[in-house]
Amino acid sequence: MPPQGPQHAPGTAPGPKKFGKVPHILLIVGGIILLISVIAGIVLAAIGITSTVGGVNDIEVFDSGSGSITAEEGDVLQFYVEEGTQVPTCDITAPSQEAIGEGTAQTSSTSLDGKNWESFDSITANEAGEYTVDCAGTPVAVGPPVSIGGIFGAVGGILLGLGGGFLGFVLLATGVILLIVRKRSARS
């Protein structure tokens, strides 16, 4: 009875199967990484930018050097002066003597109405209420510190979108190239 199956010349082994499922796996993994990285990067960047811009929008400028701001318990109020201006001495009136707590060591800078502002002091509101600031005629801005987490979130989101997107694209392109090579070698 003759042998069944593919016949090979004596002393030769069957040719290796080229690439197997690798191109399909690369296409799927590359596409998933590309999609997830870009979506996650956009979401993180948007959240970071929104939280940073939201904090900047809460800053109030007192052109006369004095004004009032309402704060909730636990809010941090940072005081800003225009860049290049001498740091003023400010008096702060709070709902009670215990209402003014120690501020944060964080320094911030921001741009408002085309002017650059730098922080020079901060307090923590230990009580909810109205806080009056008097900086003896020197224009100041008062509001929350600029969100460092928001800035890092925005930058991290952009880097994730670019880096992960690039990796996904490379895997996807490699899968496509391997499929093309496989089809060309099958024709030969």
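## Pairing of strands

Two strands are said to pair if DSSP finds at least two bridges between them. In this predicted model, strand β3 (residues 76–82) and strand β7 (residues 115–125) meet that condition, because they pair in the antiparallel sense over seven bridges. Strands of a sheet pair through backbone hydrogen bonds, either parallel or antiparallel.

## The chain as a whole

The protein chain has 188 residues, of which 30% count as buried. Its regular elements are two helices and nine strands, and when the chain is read along the sequence these follow the pattern α-β-β-β-β-β-β-β-β-β-α, with a helix at each end of the pattern.

Among the contacts in the protein chain with a separation of 6 or more, 87% are made by residues 24 or more positions apart. The chain exposes about 11,800 Å², and carbon and sulfur atoms supply 63% of that area.

## Strand β3 and its partners

How many of the seven residues of strand β3 are buried? Five of them are, so the strand is largely enclosed by the rest of the structure. Besides its pairing with β7 over seven bridges, β3 also pairs with β9 in the antiparallel sense, here over four bridges.

Residue Y80 shows both of these pairings at a single position, since Y80 stands opposite S119 in β7 and also stands opposite A141 in β9.

## An open sheet of three strands

Another part of the chain forms an open sheet of three strands, which are arranged in the order β2-β8-β4 with antiparallel pairing. The strands at the edges are β2 (66–71) and β4 (91–93), and each of them has a single partner strand, so one side of each is left without a neighbour in the sheet. From one strand to the next, the twist averages 20°.

The pairing of β2 with strand β8 (residues 129–134) can be followed in detail, as six bridges join these two antiparallel strands. One example is S68, whose bridge partner in β8 is T132.

The loop between β8 and β9 (140–143) contains A136. For A136 the phi angle is near 50°, which is a positive value in a residue other than glycine. Is A136 buried or exposed? With a relative accessibility of 67%, A136 counts as exposed, because the term applies to values over 50%.

## Two views of helix α1

Helix α1 (residues 22–57) includes L35, and I33 is found in this helix as well. L35 is exposed, with a relative accessible area of 53%, whereas I33 is partly exposed, with a relative accessible area of 25%. The value for I33 lies between the two cut-offs, because buried means under 20% and exposed means over 50%.

On the surface, L35 joins I39, V43 and I47 in a nonpolar patch, and together these residues have about 390 Å² of accessible area.

Which residues does I33 touch, if those up to four places away in sequence are not counted? They are G164, L167, G168 and L171. One of them, G168, lies 135 residues from I33 along the chain, yet the C-alpha atoms of I33 and G168 are separated by 4.9 Å.

Methods: Residues are numbered from 1 along each chain as its sequence is written. This is a predicted model: local features need pLDDT of at least 70, side-chain atom pairs count only at pLDDT 80 or more; totals for chains, interfaces and linings use all residues. Side-chain values use heavy atoms; hydrogens and water are left out. Buried means under 20% relative accessible area, exposed over 50%, partly exposed in between (1.4 Å probe, protein chains only). Contact means heavy atoms within 4.5 Å. Accessible areas come from the Shrake-Rupley method with a 1.4 Å probe; for residues, only the protein chains shown count as cover. Patches are made of residues with over 30% relative accessible area and no salt bridge: like charges are joined within 9 Å, nonpolar side chains (Val, Leu, Ile, Met, Phe, Trp, Tyr) within 5 Å. A salt bridge is a side-chain nitrogen of Lys or Arg within 4 Å of a carboxyl oxygen of Asp or Glu. Axes are lines fitted to C-alpha atoms, for helices over the stretch in contact, and angles run from 0 to 180 degrees between N-to-C directions.
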